[in-house]
Each structure stands twice: as C-alpha cells, then as structure tokens.
Amino acid sequence: MGMEKWGLLFSLFLSLTSFSLITASGHRVCIIGSGIGGSSAAHFLKSYSLSPSLEISVFERREKVGGRMATVELAGDTFEAGASILHPKNYHALNFTELLGLGRRGDNDDSWFGVWDGKGFVFKTMPPCQWVVLKKLASFFNSLLMFGRYGFSLLRMQSFTLSAVANFLKYYEDSRPIFESVEEMLKWAGLYGLTTQPLQVELEQAGLSDRLISELVTVIMRINYGQDVNISGMAGAVSLAGSDSGLWAVEGGNWQMAAGLIDRSNASLFLQEEIMSISNLGDYYELNSTKGNSYHCNITVVATPLDELNISFSPPISIPKRKLQHTHATFVRGVLNPGYFGLKSISEIPNLVGTVEVPDLPFSSISVLKEYSNEDKAYKVFSRVPMNDDLLDLIFSVRKEVVRINWAAYPHYEAPEIFAPIILDQLHLYYINSFENAASTMETSAVAAENVARLILSRLSSSLINESKGYVGTSISQERMHVDDL
Ligand SMILES: Cc1cc2nc3c(=O)[nH]c(=O)nc-3n(C[C@H](O)[C@H](O)[C@H](O)COP(=O)(O)OP(=O)(O)OC[C@H]3O[C@@H](n4cnc5c(N)ncnc54)[C@H](O)[C@@H]3O)c2cc1C
C-alpha cells in the first residue's frame, strides 16, 4: 500500500475518533463525572436553559453512573456502599426523587447504639422494642439516658447544628445570587466562618462539654467522615446534621438519582470513557480519553475531585493541594464475636457500634445492615485502614462473605480550609467539587452543581437562556420549606 493511502486511512481514522461536539450555532457542554454533581449539573443546565442548541455530554470512566452513590452485593442482597443517607431538608434530593418517581425509605430512627473505647462500652442506648407502646417508652428512656450522661450540652449541640442548617437553607431561596467562588458562596450564607476553625473550637465556644465532644460528637465524625473533631466546623456541622432524625434514602439505591437526571436532561452519556486530558484550543476545549477518542466542547465542567486523578490540563491549572480521606468499607455477612467486646452473648452488642479516638482502635464503626437471624446478619464496617482477614477473624465469630471497598471518600478537612476556584481558567472550564472543601454530601454536590449551571448560563449569550425561567432558575417551593420547618 502506498504512503498516500496510509495517509488517507490515517486521516479517516482521526476523523472517526475525533467527535466535534460543537453544533453549528449551539453550545456543547461536556461534563466529566456522572455522580450527583455531574448529573445534577446536566439536569439544571437543561431545565434552566431549554435552548435547543445547548447539548450536554456526560463522560464516566466506570461502567455505571452514580460515582460515590454506589451499591454493593453481599450474599444476594444489595446495600448502599457509599453515600447512604439524606437529610429531611435535602430539598434538591427530595425534588429529584419526586421528579423521577423514585421511592424513599426511612432510616431506622430508633437504632440501638453504643460507644466503644476499645475496652468496653462507655455508653449504650436501650435495645429496640417491637411493641409500639414500649418503643415510645424506650425512646423516652433513651433521651433520659442521653441527658443523664451529656446534660444541657446536648441542647447546645442541637442549636449549633440547627443554626448551620438554617444558613444552608438560604441556597434554596429565590434571592440567592450566582457565585463565582466558594468563599463568596459561603460568606453569603453566613457559613464561611465555620470553615476557618476546627469543630472542637467551635463547639467549645458554643459551650459543649468535653465529654460530649470526645464521645458522641467524635463518634459521629468518625462514622460520617472517618475523621476526628479537628475537622472544620462546617464539615462538622454537616456531619452532625447527618445524625438528625428523619433521615432517608432512595428505595433501591441512591445512584438512581444520577441515572434519572442524566436521562431526563437528554444528555449523551459516554460510559467507560475516562478523560485524561483537557486542552484549550482557542475556540473550544479538546477532551482526550484513554480509549483514544477526542471530543470538542465549548464548555467543560469537572464534576469529580481532581486530587487523586491524573487529568492533564493545557494550559495548566492551579488548585490548592488537598488530601483525601480514605475510608475502607468492609461488608460482612456473618456474626460478631461477643468475646471481642468482652460480652457473653451477641444479643448484648448494639446494632451500631461507634468508637472514640483511641490509638490502634482498628475500626471507626460497625453497623447492622440486615438481620436474617440472631446468628446471621449483614454488617458494614468503616475503618481508616484495611480490615485484613486476621483482624476480621477476631471481631467476627462467623464470616460467610466479605466485600471490601477502599473509597477515596471525601477531603481530609483541615481548618482554615482553602478553596479551589469554581472557574478554573477564567474562561469556560468549571469545577463543581471545589465546594467539597466546605462539606461532602450528595446535597452539597447538587447545590454546588446548581450554582455552576446558573453561572455557565449567566456567562453565555442571552440567546441561550430560557426567557420565561431565566438562568435564576426555579428555587425550591417556599411552601415545601415552610411545611418541613414545622
Ligand atoms: C463511604 C462513604 C459514605 C458517604 N456517606 C454519605 C452519606 O451518607 N450521605 C451523603 O450525602 N454523602 C455521603 N458521602 C459523600 C458523597 O458520596 C459525596 O459527597 C457525593 O456523592 C459526591 O458526588 P460527586 O458527583 O461530586 O462525586 P462522585 O460521586 O465521586 O462522582 C465523580 C464521578 O466522576 C468519575 N470520574 C472520575 N474521573 C474521571 C475521568 N477522568 N473521566 C471520566 N469520569 C471520571 C468517577 O468515576 C465518578 O463516577 C459518602 C461518601 C463515602 C465515600
């Protein structure tokens, strides 16, 4: 074959593998990541613009959408493996489930928990009761037990959390501006101060006792963020809110929110397409994938933490260094060993074992996910280091199946937090996960994505904006906020 023919074939190959995603008169938005951040960005862009010339593509390196909203199969049952609970005031998530016709299931409010310090249980609530009247009595008795141990500090903890939640609710108000930086976003809601001090300092200033901070608050931080009370006040407040009552999850898996939102926004979804480079070529960005494909887009949205990724940017971008906290989630079907906890019977071990900060304590929490019988349960263990077989053999007397996941879970929070820009290059390269340094949850990702969607539309020509809705978008119904506030 002559050289010309090779050349012809080569350019044919290039044209087949380089997809120009820019339509003649429209705009192509490329979103990297199909978690709740990427999927809600697609959703808000589509619903706030309604311009037929706005096309959205979502790239996902895995074979399934959802990112850290993922499920795990354990001995024939499916459980949440990552993000599992939502707060009753997570209004975007509530709206998504309604919009997508998804079911919701409540979290077990009367769950039986104990605080383990490596030698014994320093505190335990009452075991659950099947009888409704006794259930109410047990719940009253548990409140007394808690009050007996932690006193009025409990009320101060509640008011600290309520005040942070109330400030966060401002992001659903009609009057919310469009923010160009995370600092601006947090300052407007009165939350920035919380990111500048450790939680411990915030709580001491709020008058909480040392005992409450070193026990209950520490347990909650270790469960929700795998970290201690040196976490920033903001991440701490969000984590405390995650122990409120009325928590819920999407029936069948939270990942369905991402799947539904991408589908509903008519975005083109590219699965198993890992983006390895993003280059600004003047009029457009060129995205190259590890499969050798190229995509051209006017606007690029990064909807994944960049900290442990190898995406190369041209020209290079500059973001502050951030360590991610790894959480090892170990799922076990079997039964705990009462002897490990210094107990005689399995029925004495609470359904949720939280832990305090003690050196060498090998796990952060152990919770029962499902009880098949007294001697056969499904458990989730969170730890900062991997749980090897020898360790599991000490903690469990029966192990039928084990599934291990090492999550690059969330930022390692350190006050004062420093935030990466939302607009990475002053042009049209956006970063949703810069907000994760404030807090990492499904809802905070959705709130950050909604702001990015409005920012994109506000910086584009007015022809793209749906005149009836405007890029201000529709905020959460004030009626819902009012009713839920009762
Ligand atoms: C163990 C654990 C428990 C948690 N519990 C809760 C909880 O109970 N409640 C709660 O609200 N939050 C919880 N969280 C936090 C929550 O999961 C996250 O804050 C949220 O899901 C982040 O969503 P995201 O879309 O920003 O990122 P991700 O979900 O991480 O999505 C990013 C996506 O981008 C993809 N990607 C990465 N690089 C590339 C690339 N180069 N090309 C293409 N695709 C790429 C990834 O595969 C991923 O799918 C938990 C997290 C963990 C790990």
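Which strands does helix 2 lie across, and at what angle does helix 2 run to strand 3? Helix 2 lies across strand 2, strand 3 (54–59) and strand 14, and runs at about 175° to strand 3, where axes are lines fitted to C-alpha atoms, for helices over the stretch in contact, and angles run from 0 to 180 degrees between N-to-C directions. Contact between two residues is taken to mean that their C-beta atoms, placed from the backbone, lie within 7 Å, and the helices (H or I, at least four residues) and strands (E, at least two) are DSSP runs, numbered from the N terminus.

Before going on, a word about the model. It is a predicted one, in which local features need pLDDT of at least 70 and side-chain atom pairs count only at pLDDT 80 or more, while totals for chains, interfaces and linings use all residues. Residues are numbered from 1 along each chain as its sequence is written.

Let me stay with the sheet that carries helix 2. It is an open sheet of 5 strands in the order 10-3-2-14-21, with parallel pairing, two strands being paired if DSSP finds at least two bridges between them. Strand 10 (268–270) and strand 21 (429–431) are the edge strands, each pairing on one side only, and neighbouring strands of this sheet are turned by 20° against each other on average, direction ignored. Within the sheet, strand 2 (residues 27–32) and strand 14 (residues 299–302) are joined in the parallel sense by 4 bridges, and Ile-31 has Val-301 in strand 14 as its bridge partner.

Helix 2 (36–49) also brings us to the ligand, since helix 2, strand 16 (324–336), strand 20 (396–411) and helix 12 (442–459) each supply at least two residues of the shell around the ligand. Of the 35 residues around the ligand, Gly-33, Gly-35, Gly-37, Gly-67 and Ala-83 come nearest, a residue being near if its C-beta atom, placed from the backbone, lies within 6 Å of the molecule. The shell divides into 15 nonpolar, 14 polar and 6 charged residues, where Ala, Val, Leu, Ile, Met, Phe, Trp, Tyr, Cys and Pro count as nonpolar, Asp, Glu, Lys and Arg as charged, and the others, Gly among them, as polar. Domain 1 (14–67 + 252–322 + 420–465 + 476–485) and domain 2 (109–139 + 324–411) each give at least three residues to this shell, with bounds that come from an automatic or database domain assignment.

Strands 16 and 20 belong to another open sheet, one of 7 strands in the order 8-7-17-18-19-16-20, with mixed pairing. Strand 8 (121–124) and strand 20 stand at its edges with a single partner strand each, so one side of each is left without a neighbour in the sheet. Strand 7 (residues 113–116) pairs with strand 8 in the antiparallel sense over 3 bridges, and Trp-116 has Phe-121 as its bridge partner there. Helix 8 (residues 210–225) lies across strands including strand 7, strand 8 and strand 17 (352–355), and runs at about 105° to strand 17.

Finally, a helix pair. The axes of helix 5 (residues 153–168) and helix 9 (residues 233–241) come within 9 Å and cross at roughly 105°, and the two helices are therefore roughly perpendicular to each other, a term that covers angles of 65 to 115 degrees. Met-157, Phe-160, Thr-161, Ala-164 and Val-165 in helix 5 meet Ala-237, Leu-240 and Ala-241 in helix 9, a contact with 7 nonpolar, 1 polar and no charged residues.

Technical notes. Angles under 35 degrees count as roughly parallel, over 145 as roughly antiparallel, 65 to 115 as roughly perpendicular and the rest as oblique.
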